[in-house]
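Let's walk through this model together, starting at the ligand and moving out through the strands, the salt bridges and a helix.

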Amino acid sequence: MENGRRHFRHTSICLLGAAAFFFIYLNWDWKWVSSLTPPLSSAAAGPQGEDPGPYHVAYPKNYKYIMDDTPTCNTKTPFLVLMVHIATGDVAARDTIRKTWGSEKLVLGRPVETLFVLGLPGGPDAERQQEELKQENLQHHDLVQSNFQDSYHNLTIKTMMMLEWLAAHCSKASYVMKIDSDVLLHVHNVVQLLLDPSTAKLNYLTGLVWWHSPVLRNPFNKFYMPRNVVAEAEYPPYPLGMAYIMSLDLPAKILAVSPRIKPIFIEDAYLGMCMQRLGIPPTDPPEKTMFIVDPEHPLSRCSLSKVIAVTTTSILQMRSYWERSRQPDAGC
Ligand SMILES: *[C@@H]1O[C@H](CO)[C@@H](O)[C@H](O)[C@H]1NC(C)=O
């Protein structure tokens with residue numbers, strides 16, 4: 001009896017202790033950790049600027065396009081430009097996209113073009129990779145490359161350089177879609193949505209919109225953001241970076257406000273910050289099933305027939321989904 005009570009007391013103390021620890025863990029500001037973490041890019045201080053630190057990126061800076069001889073938006077004006085963000089070394093994904101949804105060039109009578117957005121390759125074989133990229137572009141003329149270091153931490157630079165390129169070249173096209181390289185796109189459904197009379201032609205941004213995305217304060221999370229960088233508890237609404245569509249009046253508008261908002265490394269949240277400054281909220285897609293992130297695979301033929309963009313786990317899966325999504329009878 002006495003023993004049982006003591007045991008009970010011990011267990012409660014342990015549970016309370018664990019709960020208190022967990023509570024502190026969730027609420028602690030972790031400033032001391034960020035002061036211990038070395039900046040990711042301490043070598044980034046270039047001639048034109050200081051080190052942006054681990055949470056910001058080196059933008060704006062005078063980056064240049066070193067490869068963009070594509071006819072898209074030069075001799076051809078598409079209705080929709082698909083801009084794929086892809087790692088420099090991922091030739092296999094580029095080839096798969098070129099052979100699958102990237103090969104759909106006339107959809108519902110509208111011209112569609114696919115381009116790949118790149119920075120500079122890094123690592124010991126960067127020079128060889130760059131040579132291969134040149135060869136690849138000689139064959140396809142679909143690479144848009146600028147001279148920032150291509151890396152996960154620099155994705156916001158990639159997005160801003162994409163917007164700069166679009167504002168300079170593609171303002172006569174109607175819409176752009178930014179897509180990550182592991183995403184299967186149902187181009188027919190995209191064009192159908194964009195041709196719908198209820199779809200806005202200006203100030204239009206859609207995708208899988210995160211309306212109340214919390215700013216993460218756990219320093220072990222890859223999206224950790226300290227309070228002294230972003231003070232708000234939530235980011236403004238933004239479409240998830242995997243795939244979003246915007247009308248082509250927006251790139252110039254976003255670029256006009258961005259110098260007043262220091263870019264954070266989370267590219268889609270930064271886009272939301274710029275949109276908030278513009279006072280233009282994103283639009284939810286008409287159906288929740290159009291943008292799907294990390295679903296349970298395999299997806300049924302029926303859901304593939306309704307989707308606009310869905311993340312895949314391999315290029316083989318992307319290929320087989322694309323083939324299935326083109327079969328007319330979806331069996332819904
Ligand atoms: C981001 O790009 C800049 C410009 O090229 C470079 O200086 C910096 O090292 C890059 N950062 C990372 C983490 O790759």
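Eight residues surround the ligand in this predicted model, and the closest are Tyr63, Phe148, Gln149, Ser151 and Asn154. Three of these names come back when we look at polar atoms. Glutamine 149 takes part through its backbone, with an N or O atom 2.8 Å from an oxygen atom of the ligand. Serine 151 uses its side chain instead, where an N or O atom is 2.7 Å from a ligand oxygen. For asparagine 154, an N or O atom of the side chain is 2.3 Å from an oxygen atom of the ligand.

**Strands and sheets**

How many residues of strand E9 (residues 238-247) are buried? The count is 10 of the 10, so E9 is largely enclosed by the rest of the structure. Two strands that pair with E9 can be followed from here. Strand E8 (residues 205-210) is joined to E9 by five bridges, and the two run antiparallel. In that pairing, tryptophan 210 stands opposite tyrosine 238 in E9. E6 and E9 also pair in the antiparallel sense, over five bridges. Here lysine 178 is the residue opposite tyrosine 244 in E9, and lysine 178 will turn up again among the salt bridges.

Another sheet is open and has three strands in the order E7-E11-E10, with mixed pairing. E7 and strand E10 (291-292) stand at its edges with a single partner strand each, so one side of each is left without a neighbour in the sheet. The pairing of E7 with E11 is antiparallel and consists of three bridges. Within it, valine 183 stands opposite threonine 311 in E11.

Threonine 311 deserves a closer look. This residue belongs to strand E11 (residues 309-311). Is threonine 311 buried or exposed? Its relative accessibility is 6%, and since anything under 20% counts as buried, threonine 311 is buried. A polar atom of the threonine 311 side chain lies 2.7 Å from the backbone nitrogen of aspartate 294. Leaving aside neighbours within four places in sequence, the contacts of threonine 311 are Asp182, Val183, Met242, Ile292, Val293, Asp294, Pro295 and His297. Val183, the residue opposite threonine 311 in the strand pairing, is thus also on this contact list.

**Salt bridges**

The structure holds 12 salt bridges. Three of them are set out here, with the N to O distance and the separation in sequence.

| Pair | N to O distance | Separation in sequence |
|---|---|---|
| Arginine 98 and glutamate 136 | 2.9 Å | 38 residues |
| Glutamate 104 and arginine 326 | 3.6 Å | 222 residues |
| Glutamate 267 and lysine 178 | 2.8 Å | 89 residues |

Take the pair of arginine 98 and glutamate 136, whose side chains meet in a salt bridge. Arginine 98 lies in helix H3 and glutamate 136 in helix H4 (residues 126-140), so the salt bridge ties together parts that are 38 residues apart in sequence. Arginine 98 is buried, with a relative accessible area of 14%, and glutamate 136 is buried as well, at 8%.

Glutamate 104 and arginine 326 form another salt bridge. This pair links distant parts of the chain, with glutamate 104 in the loop between H3 and strand E3 (106-107) and arginine 326 in the segment after H10. Glutamate 104 counts as buried at 13% relative accessibility, whereas arginine 326 is partly exposed at 49%.

Glutamate 267 and lysine 178 meet through their side chains too. Glutamate 267 lies in helix H8 (residues 267-278) and lysine 178 in strand E6 (residues 175-180), so this pair ties together a helix and a strand that are 89 residues apart in sequence. Glutamate 267 counts as buried at 9% relative accessibility, and lysine 178 counts as buried at 2%. Elsewhere, salt bridges that share partners join Arg94, Asp95, Arg98, Glu136 and Asp142 into one network.

**Helix H10**

Which residues of helix H10 (residues 315-325) are buried? They are Gln317, Met318, Tyr321, Trp322 and Ser325. These residues cover an arc of only 135° around the axis, which puts them on the same side of H10. The spacing fits a general pattern: an α-helix has 3.6 residues a turn, so residues three or four places apart point the same way. What covers the buried residues of H10 includes helix H3 (91-99), strand E7 (183-185) and helix H9 (301-306).

Definitions and conventions. Residues numbered from 1 in each chain as written. Predicted model: local features only at pLDDT ≥ 70, side-chain atom pairs only at ≥ 80, totals over all residues. Heavy atoms only, no water. Buried < 20%, exposed > 50% of the residue type's maximum accessible area, 1.4 Å probe, protein only. Helix = DSSP H or I, 4+ residues; strand = E, 2+ residues; numbered from the N terminus. Arc of directions from axis to C-beta. Contact = heavy atoms within 4.5 Å. Polar contact = N/O pair within 3.5 Å; in protein donor to acceptor, adjacent residues only side chain to side chain. Salt bridge = Lys/Arg side-chain N within 4 Å of Asp/Glu carboxyl O. Pairing = 2+ DSSP bridges. Near = heavy atom within 4 Å.
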